[in-house]
Every structure is written in structure tokens, then in C-alpha cells.
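Please examine the sequence and the structure shown here before reading on. The report that follows treats the contact between two chains, the packing inside one of them, and some points of the backbone.

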Amino acid sequence: MLGELEQVVMLAVLRVGDEAYGVPIRSEIEREGGRELTLATVYKTLGRLEDKGLVTSYEGDPTPQRGGRRKRFYDVTPAGKRALKQSVGALRRMAAGLDLGWET
Amino acid sequence: MSRDARTPPALALLLLRTMLPASQAEAFIGDLLETFAANCATPGDARRARWRFWRETLVALVTVRPRRLGVTTQLATGDSVMRTFFGDLLHGARLLRRAPAFTALAVLTLGLGIGATTAIYSVAAPTLLHAVPYPQPDQLVTVWERDAEGGKSNLGWLTFVDFARSTRTLERTAATGSWEVTLSGDGNPERVQGSRVSWTYFRVLGVHPALGRDFLASEDEPGNNSVVMLSHGLWQRRYAGDSSIVGRAIQIDGAPYTVAGVLPASFEDVISTQSRIWRVLGYGPSLSYACRSCRHLRVIGRVKPNTTLAQANAELDGISATLEKEYPSEYPQSGTFVVPLQQQVTGAVRPVVFALLGAVALVLLIACANVANLQLARAMRRSDEFAVRAALGASRARLAGQLLAEGLLLALLGGVAGIVVAWLAVPALATRLPDDFPRLASVTLDLGALGATATVTLVVGVLIGLVPVWHAGRGNLGAALRSGSRQAGPSRLVARAGLVVTEVALALMLLAGAGLLSRSLLRLLSVDPGIDATSVLTMQIQATGRAYATDAAVFANHDRVRDAVRALPGVEAVGTVNQLPLGGNTDMYGVRALDKPLANPELAPSADRYVVSPDFMRTLRIPILHGRGITEADVRDSAAKVVVVSAALAQKIWGTADVIGKQVQVGENSTPWRTVVGVAGNVRHHGLDQDRTLQLYVPERQWLFADDAVALVVRTHGDPSLLAPAVRRAVQSVDPAQPIVRLESMQGVIADSTAQRRLALLLFGAFALIAATLAAAGIYGVLSGMVAERTREIGVRSALGATPRDILRLVLSRGATLAAIGLVVGLLGALALGRFLQALLFAVSPADPLTLGIVVALLGFIALVACIIPARRAVCVDPMTALRAD
């Protein structure tokens, strides 16, 4: 079972798509998830997911805008997608049929 | 918005680069920079962006790093020593965080000790170790003549020339005299301290101008010597660092002087620390003030390599003897002193600096003892933990490693606190040092001192780590585990008691020093200076520029200034004098009596010269003991030449105070004879601790020349400082270009003359306070530890019928024993160290029984107070609770 923060970060990585690195991942969480995380928290979570084999990362090319520093791009692995599906699915099933005053 | 705010915080970046694992740093920092740039897009947000950058950095440092290290800790068993040690450090950090009171106390104690040591060392290092910041400083010497009393005397120019010509042991020599000038043109007129130096001066020191050229031999002649050298600071400040100044003429005292060059920024004139401008001496044999007995030049020289000081001194003694034979009436006796420049420069402050270094070393010792004590007490409380860990298989080395790591961590934190303390203390100290303190300009946080402190810190860390290890090693772990008692072995108590005794002893030594110094200062301040300094405002004024080319114009200016100030409401009396009592000037002239002829006129006593306006003595309330003072009638041009002498001078020359009507000659034997018309009270001109009080008072217009710079003294009704602005306006209403400097109350002038003692007392007092507090904390710690350990015993005792008084005696006698041993040891130490303070004491013996008695009583009282809380706790032990506890 995934932690809540792990789910949010993985969903954000999937939503951003090809160009998923630190900055857009965080702003996606801020925009859609409505919560402000520090970059360090995002990286820490990504690191944990990578250790578990749920996301992979690779280094991009150096870009002049960032003082010549390379970006690290993240992608969700098939195992990650499975875990996410399981996690979110479980939540959905648990919530289904309950009248909590919101649509599922 | 400044450009500065748009750049990301450099320190944060540095922290990130060094602290983050390399695998993550690049992408993470890149992301941060990108965010920062986006946040900075609107100008007003730059500050917020920086703030957010810092927040991100701090969060990253605390979250990202430990996760990585967490892995290391898990791997620790069986891993490399360094990794284990790193894990121990982390574990230690956690433990320290869990005991914030202990940590704060230990870090604060270490910080104070280390910081104070670094700060004092920073002040001492340039003074004592690098007093002479020139190449081959060991070769530099000062040369003096022997005066009538066998003391050191400056040289007259002709003597200097003879020495310079004849010497074979000195490579080069130079002479220097003081010079105070007013710069005009290029902005407001300004008083600047300077020196007149022979052309060889900077060559002797081994200093080359950073800009322009050095003085030339051809310039060191009368009429050819309107050439100056500027200090780097003066050049930057007044002439805006304009390099075209070289070769240009600047206005000095209303006349043009050519600037030969500018000295390097690093140059400090240790012979005349206040000098900012140097003029080539330009003396010649025909000048009246170049004579052999016109002893006002300081002479320096560079000893040839492979020549000893003694050889140089012997040679100069020989030259001096030849001169004395040739001109017997010009020298009181033959003989010279050749003193290393280093010793000459630091001589006056050496005692203070050494005393302070000693005192601060004591403080550091106490701080270490205290932290060791704290650590020991903590180790006692944790003996269960060690026992359990040992039982579970932790090797002794492993336990030692952990304690060592904790000790090092504490020392590290203490070191950081110490750097902060030193960083705050050094500038505060520098501003309190007297202006003439050697190498004051170079007093900064000393890197060498920081290094030394870091070493001390490491040693301390190892020691305070090892103290509990040593004890853990000796205890029977199994027994400790079984009994569950918190009772400590006797050796441990002995160690703690030893530390407390040490602290009390060291604190007593410091308190005794502070006590002796404060008694000295009190004695000194109760010395009658011979003047009434209350409600007197003083300042130096100067008639400067071409308008004052004649003496008459200078006198007229001084008259108008006095009239303008006298007219102010709130002014009681006004006077002028060429030099202020206790103002730090030395302006002395030989006095010869007509009825006491001397075979050698050089043996005549020299007296402080006070050239005064009629109201001066009344303004400072210098009493007239016989005859009359200087009056208005004496300053008329036609007046008969008169003089008033101090009682000490009358006694010295005639052996009686009945000297009215005697004739004296002041200075050169060509000067007119003057009639003594009065005898005045003695004034302590050279310092409250100097009883040399030979003085003479001459009416203003009767001296050989006009002193263009004079001190204005104003007696006011009420607080003199309130009147300062009005007096300043009145002076400048006479001549707006007239510079006013050294505006101060007369009491301030007297206080300044004791600045060095005040500083020593202030620091000693502060150190003693810290020491006494730490010692009290130590006694408290040991006693409350003892009460906690013996709760059960105390409970049994009271159950068996011991009265509260018996319990109280039990605890207090223990505390009293510790304090008493400490006091005795400290007293012996204070007596032994007292002689090092001798040079700073005034009218107080280093073994002054009253002072020592008071500090012993004071520290005893503090120790008693520290005993009271643990003692109360012991009395309140409920026997039933105590017995049931285990």
C-alpha cells in the first residue's frame, strides 16, 4: 500500500508526462492538489519511490537557465503504475456508494 | 531593487553543495535556481524569493541528508570505523537534543571560555607577538641618552647627528619629533597628528611608499623641507585616493607643502601611532631648537647583522662619553640606552596584556572543569544505560567511541559559540582600548587564535568525552545492572569534588585579581590631582593659517575666544593653557635659580611648562599657597617677567616654600631672568599615579613664542557637556576656520588617563563574575548529585531519628569542606600570582589582607548559597518515599 504523499507525487509525475522533473511536479501538486510542498519533500518522496522501484529517473542535458545544471526527469515504472492502480482503486471502491456529499 | 537581491543566497548554495549527496545535489539545486528565477520575475518579490530559497535550503538540509545517513547508521555494526563514528556523532546529536538544559549549559560555558580566550588573544597577538610590523624587526632599536636622574631621555639634534656620523654598529639611524598640523584647502580645515622625521626614517623601518617616492637627503635641510608623506587612510579620506596628489602642493598651516608619496595601506607607525602625515625634519646647526640640550627627538636605528645589542650600546656609550668631554655643559652625564623597538613599543602595556591572558586562561580552565563536571554528572545518571549496553554486547571501545563522539560534538558546538562570542567581543574590546595602545589598528579577530582555540576545543572535547569513559570503565557493570541503584562509586565523587575544588580555587584567584585592581583604581581616583575637575569643559583650539603669522595675532585670537566664551550665560571662568594637566603631553623645561648656581646647567631640574592666561589657575582652582597668581597686569607687554612655581619645584630647588622674589631662568641660558611671585599647589600632570609635580606658570605673552594650539578650559555652572555646543559656537564666531578638537570634560580627561587600568579592571571583573558563577554551579551540581544519590541513606537516617538539623549538617559540611579546600588553594594561588599584577597595582599590596579577606568571604557566601537548595531538598526527603523508591 502506498502512502498518501507517494500517491500524490506519482499522480503528479503521470500528469506532467514527458517533462516531469522537480519544478513542474511540484507546481502540478500545488495547482491540482491544492497543497504547497517544499522541493526537498518532493525529492525525498521521489527518492523513496525510486528505492522501491516504483519510479525511474534519468539525467537530462545541461541547460543554461539553471546555471548549467542538468535536470533529473522522473517516470513511473510499470510496477509503479500497478501499485498506484491498486491503491487508488482501493480508495475508489471503499468510497463507492457512500453519500459523502461529493461526486466520485 | 538592488542587483544583490536578485542573486540567490551564496551561503545557502554553498551549504547545499557541501551537505547534499552528489547524486541529488545537481538536479535539486538546478530546480531551486529555476524556481528562484521565476519568483524573482517581479521586482518586489526578490526578497520573498530569497526567503523561500533559504526555507527550501533548510528543509532540504534537515530532511534529505538524514535519510541518506540513516542507511549509514543501520550499517554501522561491522562497518568501517569512520562510518561507526559518524553514526555515533548522529546518535550523540540526538542525545544532546534530548537533554537541552545540559547541552545549553555546556555549550554556553565552553562558548564563554573559548570566546573570551580568543578575543583576548586577538588583542594580545599584534601587541606582543607582532609589535613591530617591519622587515627584520629584531634589528630595530630605539636610542636614548641618560638623563640627570639616570632615566631615558630624548636626544637633541646635534647629538643625533654625531651619533649617526660616528656609529659603526648601527646600519642606519633616524630621528623623529611630533608635529601637529591643520590641513586646509581640499575641504574643511582639519587637525591632523603627524611626525617630523629625518629623511632616513622610512628606510630604517624598511618601508617603501606605495605611491610616489621616499624623502631625499637633499630635502632634509632648513628651507628645503616643505615635503610630506601621507598615510594611506588620510589619502583615501581627504584626497579621495587621487593619485595625482603626488608632486602636488597641499595647504598645511596655511603654507604649501609638496606631497612626495603615499605610504602603503598596511603601514602603521608604531613609534607615533597617531601620525597620519610625515614631514621631513629639515634641521640645521643654526636653528635654536637643534641644540644638544634641546632634547625632543626620538632616535631609532637598525643594528647591523651579526651585531649584538650590547655591542651597539657599548659603542654609543663611548661616543656619548666623547661628546660629554667636548661639551661638558650640554650633558648631565654620559651614557646611552639602546632598547629594542619591540620592547619600547609594548613595554607600557605588557603587564596588562599578560595579566589578562593569564586571567582568561583561568576562565578557560574553569569552563573546561565545569563541562567535565556536567558530563560526569550525566554519566552517573546514565550508568544504567551503559550497563545495559555492555550487557547486550557493546565492547568497551564501542562505548568509549560513543562518549568521545558526544564530547567532540559538545566541544564543536562550544567552539562555534566561542567564535560568535569572540566575533562580538573583539570590536567591543578594540573600541575600549586606549588610543595609544600599540598596534590598535591591527586588532581584529585573530585567525591564529581561532586555530589555537580550535585545537584547545578538540582537546577539551576528547577530555570531556573520556572522563566518563574512564569512570564507566572502572565501575562494575554487572553490579550496576543488578542493583539498579544510582549510587556512584567513591572514585567518581572524588573526581567531581576535585573539579569543584579546582573551580573554587581558580575563581578565587580571579576574584582576588579583580579586587586588587578595583581597590587600586579607587585609591588612584581618590588621589588629589591638584585641580578641581568638576564642571570644567576642555577643548583644544588653534589659530591656524597665514592670518596668524605673528605672535600678536595668535594672542589676539586667544583673547577674543576667551572673551566670547566668558560672555556666555552659565560660564563661571575661562582660561587657556599650552598643555592640559593629565592630558598626556610632556612639555618640560629646565629651571635654574640665580642664587643656586650649578656647575653643569644640564643638572637643573625640569618642570612642566604651563603658559597660562590670567584666569587659568582660578578656572581649575589650583590653589596659590604663597604670594600671588598670574594677573591681568602680567600679560601687558610692558610687564615685568614673572613666574609662579609649584610647591614641589620650590622645595626641589631651594628646600623651602619661602621663595617669593627669587630669580629663575627657564630653558636656554640666554633667556631673561624671571621673578618668582607665587607658589602654587602641586598638580599631578603626568598621571594620578605619578608624583612628579614640578611645575612653573608663565603669563601668556611672556613666553619665548606663541603657542598657536592651546587648551581652552571653561568652568561652568552645572553640567559642562550641556554648554559644549554654545562654547563651540562662541569659539567659531571668532574665526570659523578655527579647528576644535578633544572636546571633553576635565573629569573625562582624568578618566582617560586611567583608561588602561579601567579596561584591565573591567575584564578582570567580568572574568571573575563568570568564574564565580561557574564555581557556584559546580558546587550546586555536586551537592545536588550527592543528595540524589544518597536519598535512600538520608531516608534511613531520618527514619532512625536523625533530626532535620543533622541532615542539614550532613549536606552542608560536605559543601563547606569542598569550598574551604578550594578557598585555601585559591588563596595560595592568588598570593603566588599577585606579583604578576604588581605593575597594575597602585598603593595596594598584592597580598592586601582586606581585599583577600573580602573576596574569600564573598566566594564563601556564594558557595553557601549554592549549597542551600540541595540541602533543603535533603531535609525534605520523606523517609517512607525514599525507602520505597527502589
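Two residues are in contact if their C-beta atoms, placed from the backbone, lie within 7 Å. The model described here is predicted. The contact between the chains takes 16 residues from chain A and 17 residues from chain B. On the side of chain A that touches chain B, the elements giving two or more residues are H2, H3 and strand S2 (70-76) of chain A. H3(A) provides the largest share of that side, with 5 residues. By class, this side of chain A has 5 nonpolar, 5 polar and 6 charged residues.

Helix H2 of chain A, which spans residues 22-32, has a set of buried residues that includes Val23(A), Ile25(A) and Ile29(A). Glu28(A) and Arg26(A) also belong to its buried residues. The buried residues of H2(A) pack against helices H1 (4-16) and H3 (39-51) of chain A, and also against helix H3 (22-39) of chain B. After H2(A) comes Gly34(A), which has a positive phi near 65°.

Chain B has 886 residues, of which 44% count as buried. Its secondary structure comes to 27 helices and 22 strands. Among its contacts between residues at least 6 apart in sequence, 82% join residues at least 24 apart.

The largest nonpolar core has 103 residues, and those touching the most other members are Val504(B), Ala507(B), Leu508(B), Leu510(B), Ala771(B) and Ile779(B). Helices that each supply at least two residues of this core include H12 (350-381), H17 (490-525) and H23 (755-789) of chain B. H12(B) gives the most, with 20 residues. Leaving aside neighbours within four places in sequence, the contacts of Ile779(B) include Val500(B), Leu818(B) and Cys867(B). A second, separate core of 58 residues includes Ile531(B), Ala533(B), Leu537(B) and Val713(B).

Most residues other than glycine have a negative phi. The table lists two residues of chain B that are not glycine and have a positive phi.

| Residue | Phi | Place |
|---|---|---|
| Gln136(B) | about 40° | loop between H6 and strand S1 (140-146) of chain B |
| Arg742(B) | about 55° | strand S22 (residues 740-745) of chain B |

Are these residues buried or exposed? Gln136(B) has 11 other C-beta atoms within 10 Å and is therefore exposed, since a residue with 12 or fewer is counted in that class. Arg742(B) has 16 C-beta neighbours inside 10 Å, so it counts as partly exposed.

Conventions: Residues are numbered from 1 along each chain as its sequence is written. Chains are lettered from A and ligands numbered from 1 in the order in which they are written. This is a predicted model: local features need pLDDT of at least 70, side-chain atom pairs count only at pLDDT 80 or more; totals for chains, interfaces and linings use all residues. Helices (H or I, at least four residues) and strands (E, at least two) are DSSP runs, numbered from the N terminus. A residue is buried if 20 or more other C-beta atoms lie within 10 Å of its own, exposed if 12 or fewer, and partly exposed in between; C-beta atoms are placed from the backbone. Ala, Val, Leu, Ile, Met, Phe, Trp, Tyr, Cys and Pro count as nonpolar, Asp, Glu, Lys and Arg as charged, and the others, Gly among them, as polar. A nonpolar core is a set of buried Ala, Val, Leu, Ile, Met, Phe, Trp, Tyr and Cys residues joined through C-beta atoms within 7 Å.
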